[in-house]
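Get your viewer ready and keep the sequence panel in sight. We will go from one selection to the next, with a short note on what is there at each stop.

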Amino acid sequence: LSLLPSGDAEVLREAYKSFRSVIHRLTLDQRPARLSANELKQFNLDQHRESVIAIWQKVMANSVPARL
């Protein structure tokens with residue numbers, strides 16, 4: 001069963017690992033785990049965010065059910 005192309009799955013996996021690493025560090029520093037646009041750039045996560053959005057839009061655009 002393949003729900004996503006392997007390349008998209010790898011992009012999502014790497015994005016998750018990067019975000020999780022940053023959030024973990026913030027939590028250990030007792031800082032909020034929400035990031036502003038500037039913080040996304042600071043932690044080099046802005047490209048990951050854009051990639052996740054693009055994959056989400058591609059997947060959701062192809063899975064909209066027909067109207068009854």
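With which residue does Glu39 form a salt bridge? Select Glu39 together with Arg31, its partner, and look for the closest N and O atoms, which are 3.9 Å apart. Keep in mind as you look that this is a predicted model. Colour both residues by accessibility if your viewer allows it: Glu39 has a relative accessibility of 22%, and Arg31 has 38%. Buried means under 20% and exposed means over 50%, with partly exposed in between, so Glu39 at 22% counts as partly exposed. Arg31 at 38% is partly exposed too.

**Step back to the whole chain**

Switch to a cartoon view. You should find 3 helices and 0 strands, and the order from the N terminus is α-α-α. The chain has 68 residues, of which 13% count as buried.

Now colour helix H1, residues 6–28, and helix H3, residues 46–61. The axes of H1 and H3 come within 10 Å and cross at roughly 140°. That angle makes H1 oblique to H3, because the antiparallel label is kept for angles over 145 degrees. Turn the view until one helix lies in front of the other: the crossing of H1 past H3 is left-handed.

**Along helix H1**

Select Glu10 and Arg13 and show their side chains. Both are in helix H1, 3 residues apart, or about one turn of the helix. Their side chains meet in a salt bridge, at 2.9 Å from N to O. Arg13 has a relative accessible area of 43% and is therefore partly exposed. Glu10, with 34%, is partly exposed as well.

**The loop after H1**

Next, select Gln30. This residue is in the loop between H1 and helix H2 (37–42). Check the backbone here: Gln30 is not a glycine, yet its phi is positive, at about 55°. Why is that worth a stop? Most residues other than glycine have a negative phi. Gln30 counts as exposed because its relative accessibility is 74%.

**Helix H2**

Move on to Leu40, which sits in helix H2. Is Leu40 buried or exposed? With a relative accessibility of 11%, Leu40 counts as buried. Add Val22 to the selection and draw a line between the two C-alpha atoms: Leu40 and Val22 are 18 residues apart in sequence and 9.7 Å apart in space.

**The loop after H2**

Select Asn44, in the loop between H2 and H3. Here is another positive phi, of about 60°, in a residue that is not a glycine. Asn44 counts as exposed, because its relative accessibility is 58%.

**Helix H3 and the surface**

Show the side chains of Arg49 and Glu50. They meet in a salt bridge of 3.4 Å, N to O. Arg49 is partly exposed at 38% relative accessibility, and Glu50 is partly exposed with a relative accessible area of 43%. The count of salt bridges comes to 5; those visited on this tour include Arg13 with Glu10, Glu39 with Arg31 and Arg49 with Glu50.

Now turn on the molecular surface. Which residues make a nonpolar surface patch of about 300 Å²? Select Trp56, Val59 and Met60 to see it. Met60 belongs to helix H3 and counts as partly exposed, because its relative accessibility is 36%.

**Last stop: back to the start of the chain**

Keep Val59 selected and add Leu3, which lies in the segment before H1. How many residues apart in sequence are Leu3 and Val59? They are 56 residues apart along the chain, while their C-alpha atoms are 9.2 Å apart in space. Leu3 has a relative accessible area of 75% and so is exposed.

Notes
Residues numbered from 1 in each chain as written. Predicted model: local features only at pLDDT ≥ 70, side-chain atom pairs only at ≥ 80, totals over all residues. Heavy atoms only, no water. Patch = residues over 30% accessible without salt bridge, like charges linked within 9 Å, V, L, I, M, F, W, Y side chains within 5 Å. Areas by Shrake-Rupley, 256 points an atom, 1.4 Å probe, with all protein chains shown as cover. Salt bridge = Lys/Arg side-chain N within 4 Å of Asp/Glu carboxyl O. Helix = DSSP H or I, 4+ residues; strand = E, 2+ residues; numbered from the N terminus. Buried < 20%, exposed > 50% of the residue type's maximum accessible area, 1.4 Å probe, protein only. Axes fitted to C-alpha atoms, helices over the stretch in contact; angles between N-to-C directions. Parallel < 35°, antiparallel > 145°, perpendicular 65-115°, else oblique. Left-handed = near helix turned anticlockwise from the far one by under 90°.
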